[in-house]
Protein chains: 2
Amino acid sequence: MSPHEQSAKLTSALEDYLETIFEYTQRQGFVRVKDIARVRNVKAGSVSPAMRRLSEMGLIDYERREYIRLTESGERLAREIFSRHEVLSRFFCEVLKMDREEAVKNACAMEHSLTEDAKDHLVLFMEFLLNCPFFDIVHWQRFHDQQMDITRADGCDHSCTTACVFSAMRGEGMEPLRRLSDLVPGETAVITILEGEGDERRELLNLGLIPGSSVTLSHHHPDGIHSELLINGFGLRFLRALGARVCVAGENPSTRG
Amino acid sequence: MSPHEQSAKLTSALEDYLETIFEYTQRQGFVRVKDIARVRNVKAGSVSPAMRRLSEMGLIDYERREYIRLTESGERLAREIFSRHEVLSRFFCEVLKMDREEAVKNACAMEHSLTEDAKDHLVLFMEFLLNCPFFDIVHWQRFHDQQMDITRADGCDHSCTTACVFSAMRGEGMEPLRRLSDLVPGETAVITILEGEGDERRELLNLGLIPGSSVTLSHHHPDGIHSELLINGFGLRFLRALGARVCVAGENPSTRG
DNA sequence: GGGCTCATTTAGACACCTCTAAAACCATAA
DNA sequence: TTATGGTTTTAGAGGTGTCTAAATGAGCCC
């Protein structure tokens with residue numbers, strides 16, 4: 001009856017349960033333990049105590065063995081949780097152009113830790129993209145598709161294509177791009193493009209070579225095939241051959257201004 | 001010595017420990033239990049068993065009561081985890097323009113659930129923004145600052161300003177925008193802008209009124225002050241007065257194409 | 001060596017979430 | 001009314017991660 005602990009923070013598991021209840025009740029008006037267990041892929045024995053706790057918190061109306069319904073405050077909270085889910089999955093799906101399924105999977109896992117502040121900024125950004133004529137979705141779409149094709153390609157080297165696309169976008173014709181491997185000791189630059197495909201590309205990322213990162217080449221290793229560099233203060237020894245796949249710009253590009 | 005379970009998936013807590021060890025050893029070459037406990041804000045008694053497990057997995061070199069160092073495979077994995085962290089915090093900070101501290105806080109909490117696929121797409125998007133001349137960072141910056149000022153304002157109604165900014169961006173002069181409250185029963189539209197400030201804006205979001213969402217007005221409630229609508233299949237009763245703060249576009253805007 | 005101090009480990013508790021298996025409950029059919 | 005079958009709850013156990021408090025170890029000064 002009384003909302004005992006309405007202010008207490010929910011655990012992620014309880015948030016998930018509440019969200020499932022919301023989604024289900026939107027369709028049916030009520031849920032049973034069995035439904036929740038099925039949707040959330042757990043056993044009914046795990047759901048039962050969770051319902052008791054949600055009920056004690058005043059978030060659901062629940063008498064043992066009866067239908068489960070949201071209270072008013074429960075629905076408000078559930079919509080709030082669901083809104084985090086929606087913002088994230090919409091961003092992944094519609095802005096980043098991920099597969100719907102993969103987008104939702106990520107959103108489900110990340111939504112519990114998205115702060116209000118982050119949500120505010122993310123939504124504002126999406127509003128901007130939705131309305132700004134200077135963000136040319138056509139270019140982004142084309143670039144995305146082309147890159148994704150490349151990562152799925154059969155090993156053929158498309159780096160020239162990539163450079164082309166970027167050069168065209170920059171309005172610079174076919175002017176050659178500088179590479180990480182071109183840097184001289186002591187020189188600092190910003191990473192702008194990774195040209196690797198698939199796993200090779202991921203290897204670059206996993207080493208910390210992330211677009212937007214500022215890198216300083218410390219020195220070439222005596223072995224002649226490695227170089228040492230500093231990425232945001234972290235040291236890294238890498239194969240110079242790999243560095244040829246990393247494009248850099250001499251000064252901070254416009255996005256950082 | 002031997003990497004017993006190198007393939008076993010790490011829990012988030014162990015990932016955090018490994019990441020902390022990485023960051024610390026980059027500066028000092030080694031870490032002690034005490035350092036980790038301080039940085040991660042836990043007691044030494046909690047760190048100890050975690051180090052034993054990481055050691056059993058072959059990710060760190062650790063003899064009881066000695067310094068902690070990463071093994072080769074541990075460092076590789078740590079860099080991979082750190083790369084997820086970097087991608088996310090860079091996105092929050094440099095693209096979404098959040099405060100560095102808040103950006104890192106979110107990244108720390110979300111990094112453990114960012115899949116490879118999501119990271120790929122996010123990085124690709126950042127590459128695009130870094131290089132695309134059609135994404136005019138100046139407009140985004142100005143819009144961001146203006147909106148953020150609005151949310152921090154003292155309650156004065158800036159909706160005209162907001163409309164102005166958007167109209168200018170769309171190159172439409174001062175042509176009036178349609179509102180959610182203007183929809184007639186049965187009509188469908190896409191949410192483009194939320195004009196509320198601070199908590200009012202959040203209330204809209206928490207109800208599910210998210211930019212990009214498709215909404216269909218079901219009917220006006222007999223009480224005259226509420227309306228019922230469908231957002232992506234979910235029902236919602238809302239105050240029509242609130243709907244005046246929500247801008248909509250008749251057809252899918254360009255971002256969805 | 002003795003004693004001091006600090007770091008680390010261990011042990012015991014608690015919380016949370018999950019599972020399985022068995023018991024309790026309920027509705028419906030015979 | 002009784003039997004049956006599906007649903008839900010309970011009980012017990014395991015895994016993870018945290019804490020506190022006490023025990024252990026190591027270094028250092030006298």
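How many residues surround DNA strand C, and which of them are the closest? In this predicted model, 18 residues surround the strand, and the closest are Thr11(A), Ser46(A), Arg53(A), Ser48(B) and Tyr62(B).

**View 1. The protein surface near DNA strand C.** Of the atoms of DNA strand C that come within 4 Å of the protein, 78% belong to sugar and phosphate. The residues of this surface divide into seven charged, six nonpolar and five polar. Helix α3(B) provides the largest share of the surface, with three residues.

**View 2. Polar contacts to the phosphates of DNA strand C.** In chain A, a polar side-chain atom of Ser46(A) lies 2.6 Å from a phosphate oxygen of the strand, while Lys43(A) places a polar backbone atom 2.9 Å from a phosphate oxygen. In chain B, Ser48(B) also has a polar side-chain atom 2.6 Å from a phosphate oxygen of DNA strand C. The elements that give two or more residues to the surface near the strand are α1 (12–28) and α3 (44–56) of chain A, together with α2 (33–40) and α3 (44–56) of chain B.

**View 3. An aromatic pair between the two α6 helices.** Over all chains, the count of aromatic pairs comes to 14. In the pair shown here, the rings of Phe125(A) and Phe125(B) have centres 6.2 Å apart and planes at 75°, an angle over the 60 degrees required, so the pair is classed as edge-to-face. The pair crosses between chains, since Phe125(A) belongs to helix α6 (residues 116–131) of chain A and Phe125(B) to helix α6 (residues 116–131) of chain B. Phe125(A) and Phe125(B) are both buried. Ring pairs also link these two residues into a cluster with Phe91(A), Phe92(A), Phe91(B) and Phe92(B).

**View 4. The aromatic pair of Phe234(A) and Phe82(B).** With ring centres 4.9 Å apart and planes at 70°, Phe234(A) and Phe82(B) form an edge-to-face pair. This pair joins two chains, because Phe234(A) lies in strand β7 (residues 234–239) of chain A, whereas Phe82(B) lies in helix α4 (residues 72–95) of chain B. Both Phe234(A) and Phe82(B) are buried.

**View 5. The surroundings of Glu23(B).** Glu23(B) is placed in helix α1 (residues 12–28) of chain B and, with a relative accessible area of 25%, is partly exposed. When residues up to four places away in sequence are not counted, Glu23(B) touches Phe234(A) and Phe82(B), the two residues whose rings form the edge-to-face pair of the preceding view. The C-alpha atoms of Glu23(B) and Arg79(B) are separated by 9.4 Å, although the two residues are 56 apart along the chain.

**View 6. Arginine side chains over tyrosine rings in chain B.** The charged end of Arg27(B) sits over the ring of Tyr24(B), at a distance of 5.0 Å from the ring centre. Arg40(B) lies over the face of Tyr17(B), 4.8 Å from the centre of that ring.

**View 7. Chain A as a whole, for orientation.** Chain A contains 10 helices and eight strands, and buried residues make up 51% of its 257 residues. Among the contacts in chain A between residues at least 6 apart in sequence, 58% join residues that are at least 24 apart.

Technical notes
Residues are numbered from 1 along each chain as its sequence is written. Chains are lettered from A and ligands numbered from 1 in the order in which they are written. This is a predicted model: local features need pLDDT of at least 70, side-chain atom pairs count only at pLDDT 80 or more; totals for chains, interfaces and linings use all residues. Side-chain values use heavy atoms; hydrogens and water are left out. A residue is near a molecule or strand if one of its heavy atoms lies within 4 Å of it. A polar contact is a pair of N or O atoms within 3.5 Å; within protein, one must be able to donate a hydrogen and the other to accept it, and residues adjacent in sequence count only if both atoms are side-chain atoms. Helices (H or I, at least four residues) and strands (E, at least two) are DSSP runs, numbered from the N terminus. Ala, Val, Leu, Ile, Met, Phe, Trp, Tyr, Cys and Pro count as nonpolar, Asp, Glu, Lys and Arg as charged, and the others, Gly among them, as polar. Rings of Phe, Tyr and Trp (its six-membered ring) pair if their centres lie within 6.5 Å; planes under 30 degrees apart count as stacked, over 60 as edge-to-face and the rest as tilted. Buried means under 20% relative accessible area, exposed over 50%, partly exposed in between (1.4 Å probe, protein chains only). A charge sits over a ring if NZ of Lys or CZ of Arg is within 6 Å of the ring centre and within 35 degrees of the ring normal. Contact means heavy atoms within 4.5 Å.
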